[in-house]
Protein chains: 2
Amino acid sequence: MELQEAKLKYIHTWGSLATSWGINKTMAQVHALLLVSTEPLSAEDIMETLKISRGNVNMNVRALIDWGIVSKEFVVGERKEFFVADKDIWELFKQVTKERKKREIEPVLKVLEELQKDVQENTEEAAAFKKVMNDLSSVTNTVNGILDKAIKADEHWLLSSFTKMIKK
Amino acid sequence: MELQEAKLKYIHTWGSLATSWGINKTMAQVHALLLVSTEPLSAEDIMETLKISRGNVNMNVRALIDWGIVSKEFVVGERKEFFVADKDIWELFKQVTKERKKREIEPVLKVLEELQKDVQENTEEAAAFKKVMNDLSSVTNTVNGILDKAIKADEHWLLSSFTKMIKK
DNA sequence: TTTAATTTTCAATAATTACTGAAAGTTTAA
DNA sequence: TTAAACTTTCAGTAATTATTGAAAATTAAA
């Protein structure tokens with residue numbers, strides 16, 4: 001397979017996979033494009049390669065910057081902005097984890113705790129409900145703690161720790 | 001807060017949170033409803049509580065069964081079907097993890113490996129591309145392995161192993 | 001069998017989400 | 001300054017995804 005063909009295949013595959021992860025297709029494609037680019041790309045470059053509008057590029061690049069996985073880069077002699085994606089995949093994983101944790105897990109914990117606290121009733125049914133809320137909190141907290149450690153870890157450490165843990 | 005009110009609040013909150021996880025809102029609400037029900041529920045019960053159509057109930061209950069987190073239950077003297085959700089939250093977490101792994105992670109690995117293999121070119125650019133694909137595979141494989149262990153673990157073991165690991 | 005109860009399917013439609021493109025806003029070079 | 005280059009915004013529209021509801025299929029009691 002030609003390199004360019006492989007790059008495009010990666011970009012398009014990534015776009016469709018993203019959908020199942022609850023991530024906007026175009027956002028995933030823009031990120032994929034920047035990830036396999038050797039050079040920083042301008043809005044025009046992205047528009048042309050992905051065949052999307054300027055507005056769409058702007059919105060999605062902005063979202064990627066907001067997620068902390070793409071940054072602006074200045075190119076000498078050029079007035080317009082260029083964008084790059086960090087090529088360190090472990091960093092990428094950690095950053096995405098950090099953001100999803102903040103956006104998608106922490107709000108869950110808040111609601112679960114609130115619901116347990118607010119029910120005063122002392123019936124058996126209320127106890128069962130509180131237990132479910134409590135168990136949900138407990139599992140979510142465990143996962144959250146593990147993700148916290150992953151975010152702070154370097155890849156090698158994480159891998160080796162898990163290997164040890166798993167062998168036990 | 002009244003117990004019934006709290007249950008409804010949980011059901012609705014869960015529905016909106018699900019959206020950000022790439023999960024259908026109604027599917028999440030049906031599951032939440034079954035999770036906080038003390039009794040098995042019929043399609044009618046679900047229709048009334050969530051104010052949705054019979055077709056919608058049927059499709060989403062079916063999907064939940066397919067995910068392995070809801071099951072049919074027969075009620076003596078009743079001809080129609082009733083549904084229940086397993087109340088063990090750790091089991092729920094493992095089952096969801098298992099399914100998402102199968103549906104959303106394993107296909108990624110397949111594509112990444114394919115793309116590395118298929119590029120013959122020996123330029124510097126091709127090497128860079130292969131490195132990105134390889135790093136993506138490597139991180140994904142690590143995560144996949146961890147999830148595999150989690151799926152087989154019981155909650156207490158996982159929690160204590162992680163605690164030990166983290167303290168080190 | 002027949003028929004009534006129940007479940008399933010799926011075309012039509014509604015709701016949601018994403019995208020376009022042009023106008024408004026901002027920046028920088030002359 | 002001013003004007004060209006560039007970026008941002010957002011109302012309108014397109015594309016996608018979810019839901020309805022009624023007809024078809026299935027099941028089981030009479």
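## Residue Ser42(B) and its surroundings

Ser42(B) belongs to strand E1 (residues 41-42) of chain B; here strands (E, at least two residues) and helices (H or I, at least four residues) are DSSP runs, numbered from the N terminus. The model is predicted, so local features need pLDDT of at least 70 and side-chain atom pairs count only at pLDDT 80 or more, while totals for chains, interfaces and linings use all residues. Residues are numbered from 1 along each chain as its sequence is written, chains are lettered from A and ligands numbered from 1 in the order in which they are written, and side-chain values use heavy atoms, with hydrogens and water left out.

Is Ser42(B) buried or exposed? With a relative accessible area of 2%, Ser42(B) is buried. The term buried means under 20% relative accessible area, exposed means over 50%, and partly exposed lies in between (1.4 Å probe, protein chains only). When residues up to four places away in sequence are not counted, Ser42(B) touches Lys80(B), Glu81(B) and Phe82(B); contact means heavy atoms within 4.5 Å.

## The sheet and helix H2 of chain B

Chain B has an open sheet of three strands in the order E1-E3-E2, with antiparallel pairing. E1 and strand E2 (70-73) of chain B stand at the edges with a single partner strand each, so one side of each has no neighbour in the sheet. Two strands pair if DSSP finds at least two bridges between them. Strand E3 (residues 82-85) of chain B and E2(B) pair in the antiparallel sense over four bridges, and Phe82(B) in E3(B) is the bridge partner of Glu73(B). Strands of a sheet pair through backbone hydrogen bonds, either parallel or antiparallel.

Helix H2 (residues 25-35) of chain B lies across E1, E2 and E3 of chain B and runs at about 85° to E3(B). For such angles, axes are lines fitted to C-alpha atoms, for helices over the stretch in contact, and the angles run from 0 to 180 degrees between N-to-C directions. H2(B) is largely enclosed by the rest of the structure, because 10 of its 11 residues are buried. Among them are Met27(B), Val30(B), Leu33(B) and Leu34(B). At the start of H2(B), the backbone nitrogen of Thr26(B) has a side-chain oxygen of Asn24(B) within 2.8 Å. Such a polar contact is a pair of N or O atoms within 3.5 Å; within protein, one must be able to donate a hydrogen and the other to accept it, and residues adjacent in sequence count only if both atoms are side-chain atoms.

## The sheet of chain A

In chain A, an open sheet of three strands has the order E1-E3-E2 with antiparallel pairing. Strand E1 (41-42) and strand E2 (70-73) of chain A are at the edges; each has a single partner strand, so one side of each is left without a neighbour in the sheet. E1(A) pairs with strand E3 (residues 82-85) of chain A in the antiparallel sense over two bridges, and Leu41(A) stands opposite Phe83(A) in E3(A).

Helix H2 (residues 25-35) of chain A packs on this sheet and touches E1, E2 and E3 of chain A, its direction making about 85° with that of E3(A). H4(A) lies across E2 and E3 of chain A and runs at about 110° to E2(A).

## The surface near DNA strand C

DNA strand C is surrounded by 17 residues, of which Thr26(A), Ser53(A), Arg79(A), Asn58(B) and Arg62(B) come nearest. A residue is near a molecule or strand if one of its heavy atoms lies within 4 Å of it. Of the atoms of DNA strand C within 4 Å of the protein, 70% belong to sugar or phosphate and the rest to bases.

A phosphate oxygen of DNA strand C lies 2.8 Å from a backbone N or O atom of Ser53(A), and a polar side-chain atom of Asn56(A) is 3.1 Å from a phosphate oxygen of the strand. Arg79(A) has a polar side-chain atom 2.7 Å from a base oxygen of DNA strand C. H4(B) gives the most to this surface, with four residues.

## The surface near DNA strand D

Which residues are closest to DNA strand D? Among the 16 residues that surround DNA strand D, the closest are Asn58(A), Arg62(A), Thr26(B), Ser53(B) and Arg79(B). A polar side-chain atom of Arg62(A) lies 2.5 Å from a phosphate oxygen of DNA strand D, whereas Arg79(B) places a polar side-chain atom 2.7 Å from a base oxygen of this strand. H4(A) gives the most to the surface near DNA strand D, with four residues.
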